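Load the model in your viewer and colour it by secondary structure. The tour below gives one selection at a time.

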Amino acid sequence: MLDRPVSEFSKPTRRLPNQRWQIYPQKPEFAQKLAVLINVSPIISQLLINRGMETPEQAQAFLNPESLVLPSPLEDFPDLAISLELLQNAIASQTKIAICGDYDADGMTSTALLLRSLRTLGAQVDYAIPSRMHEGYGINKRIVEEFHSEGVGLILTVDNGISAFEPVARARELGLAVIITDHHDIPQKLPPANAILNPKLIAESSPYRGVAGVGVAYILAVSLAQQLGETKGLIQPMLALFTLGTIADLAPLTGVNRRWVKRGLQHLPKSNLAGIQALIQVGGVQARGEERAGEQGSRGAGEEIANTSTSLSTSPKSKVQNPKSLKPEDIGFRLGPRINAIGRIGNPQTVIELLTTDDMGVALERAMQCEQINASRQEMCQQIEQEAIAYVEAEFVTSLQQDRVLIVVQPNWHHGVIGIVASRLVERYGVPVFIGTYEDGEHIRGSARSIPEFNVFEALEYCHDLLGKYGGHKAAGGFSLPAENLQMVRSRLIEFANQCLEPQHLKPLLKIDAEVNLDQINQQLYQQLNALHPCGMDNPDPVFWTANVQVVEQKIVGKGHIKLTIAQTIDNQEYRIKAIAWRWGDYFRLPPRVDVAYKLRENYFNGNTTIELELIGVRLPIQIQQFFASSPIQSSTTFEYNQRQYTCGFYKNGIEAELRIKNSEGKVLAMQPGHIIGLLGTNRQNAKEVDISQPQYDSIIQAALQALSVKS
């Protein structure tokens, strides 16, 4: 028999993604009742239940965000009135206003939004963004003193400033007024600004609570325009920038974010902003028709905060027929990365000029610069990711289960992109990742990305005495440290990880909404899902799964993507559908039969629209997992296949069970779960490796599993 140790089994072997599948509990009776009450299909009502809707009223408010009754922002933001007074006085007296922005998409869109609106309203205004390479995040004393020397009288921070106590104190010392607009977590001691606008400082029940930095800027700009009676022509450009920044910053698409983003996605394709049109053109984004997308009608974007003494939140009377709308993924995957790339490795001034110019020629030129820099960013990410994987495989992969955290530091990596690489390493290895590079011989600067059970900010606080600057939240963070402290930081992070993580946590978590069969996937289902749009943070794209599908075709396309066709037979009829698995080249070839988890996507080609799957999860069919996990070792049976007799059974080989199928001539086919390479021969010494995804092997394996299933 084939009894060579498992460590020598089948090279090269491709494993499946290392994932935890968490399938929401299905509530068919409640889903059916809710579906009738709110007039949607049961599958949509189940998706709403998964997203926390417990009553028809909650579901209706979610499906029709225009029905949300909004309070005046003046009621919810205590410092909004003083902020408006400071800005009105500055405009009236022509006092110089300076905006201090940030170099990410949220910060750059916020800066552009306030620049455009304040200039239109007659203000003298300029801006500065700190250097990512040399200064890092947030307003600093250099910028404050530079503003002072230029005669600035009012500083307006966007997407930063809430923790900048010393720079703000210096500004006040120099006689400058300061308005902070930010959305980051509140420090123990607030800076001594004249006014602070931050949704973290308002009631948790407020619909404005989840806005990003660009959302705070939008509220401030709209409120100011309304107080000055100058809203004409201002609202829609600001809404476009709000939508771009909110999605690119991964802000939660709930509350007013959901309401305004839904409007913004419809207005973006016809935006009169040259920069938006240039980005759409260069990014190759197409607007698409969307049922229900016209619910917001044609009234001015943001009109509910147009009258700061009255909440104008009644439903619009007019309807837009067959509107063309963008989807959040158009921004998340096409437009947003082109802006973020500039902040990572380019000059933010490029994006500010792109989003504030009215000259289409300038806009296209800046959009092409974004395109080129994004291409460089992609190449840089790919190279660093490959180097990081090689380093991890050589140094840390065998100790990951014990360490439960990954700390990767190498020289000559660009710290503007290592956060992206950290996310990819989390996806690959299923552990929190802290990745850094040497700024000089003495200091390390890095980024962190997490898994649900691990709090990055608490982990950094656990190492506070060994770090320089650090900050972040539960899922991500940034840090610096003296290079001599690296080993101590590594030990401290491993200690922290072992306090909060169990071995079962060390797999990426995949949340799945519901099971569907391939015969249910059609244009009608896809259109029904539009009721949930816009999807994003806190309202994710629906994820479905289908059991025991057959992988009919598969090939590598592009830079390591798998393009495939899967099939499912239902009542003797075969249903086929195409799918794509982004960046899954490492898992090629997939086993012949798998359970798949996926999102639904429309594919446009040659004027035709088809529904395809975007695979995000794959595992061995559950019955195969159960066979390998629970079948007694040495369990065997006989079966007939193509008029020949075979024996089959599960046998212990090293630490894993393997399935062995033996014919009457003594030749054995051996396979292990998750492997697509098997061994075929009379003994392991002369056995040859075979691809068990080939039809002749897959068929006999399925027959053997069926025989063992009947026996059990």
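**First stop: the parallel sheet**

Select Ile-179, which stands opposite Ala-195 in S6. The model is predicted: local features need pLDDT of at least 70, side-chain atom pairs count only at pLDDT 80 or more, and totals for chains, interfaces and linings use all residues. Residues are numbered from 1 along each chain as its sequence is written, and side-chain values use heavy atoms, with hydrogens and water left out.

Extend the selection to strand S5 (residues 177-181), which pairs with S6 in the parallel sense over three bridges. Strands (E, at least two residues) and helices (H or I, at least four) are DSSP runs, numbered from the N terminus; two strands pair if DSSP finds at least two bridges between them.

Now show the whole sheet. Five strands form an open sheet with parallel pairing, in the order S3-S2-S4-S5-S6. Its edge strands, each pairing on one side only, are S3 (125-128) and S6 (195-197). From one strand to the next, the twist averages 20 degrees.

Add helix H6 (residues 105-120), which packs on this sheet and touches S2 (96-100), S3 and S4 (152-158). Contact means heavy atoms within 4.5 Å. The direction of H6 makes about 165 degrees with that of S3; axes are lines fitted to C-alpha atoms, for helices over the stretch in contact, and angles run from 0 to 180 degrees between N-to-C directions.

**Second stop: the mixed sheet**

Select the strands S9-S10-S11-S13-S12, given here in their order in an open sheet of five strands with mixed pairing. S9 and S12 (470-472) are the edge strands, each pairing on one side only. Direction ignored, neighbouring strands of this sheet are turned by 15 degrees against each other on average.

Within this sheet, S10 and S11 run antiparallel and are joined by six bridges. Pick Thr-437 to find Arg-445 of S11 opposite. Then add H19, which packs on the sheet by touching S9, S10, S11 and S13, with its direction at about 160 degrees to that of S9.

**Third stop: helix H19**

Which residues of H19 are buried? Leu-486, Val-489, Arg-490, Leu-493, Phe-496 and Ala-497 are buried, that is, under 20% relative accessible area with a 1.4 Å probe, protein chains only. They lie on the same side of H19 because they cover an arc of only 130 degrees around the axis, taken from the directions from the helix axis to the C-beta atoms.

Finally, show what covers these residues: among the elements are helix H16 (400-403) and helix H18 (456-462).

Methods. Buried means under 20% relative accessible area, exposed over 50%, partly exposed in between (1.4 Å probe, protein chains only).
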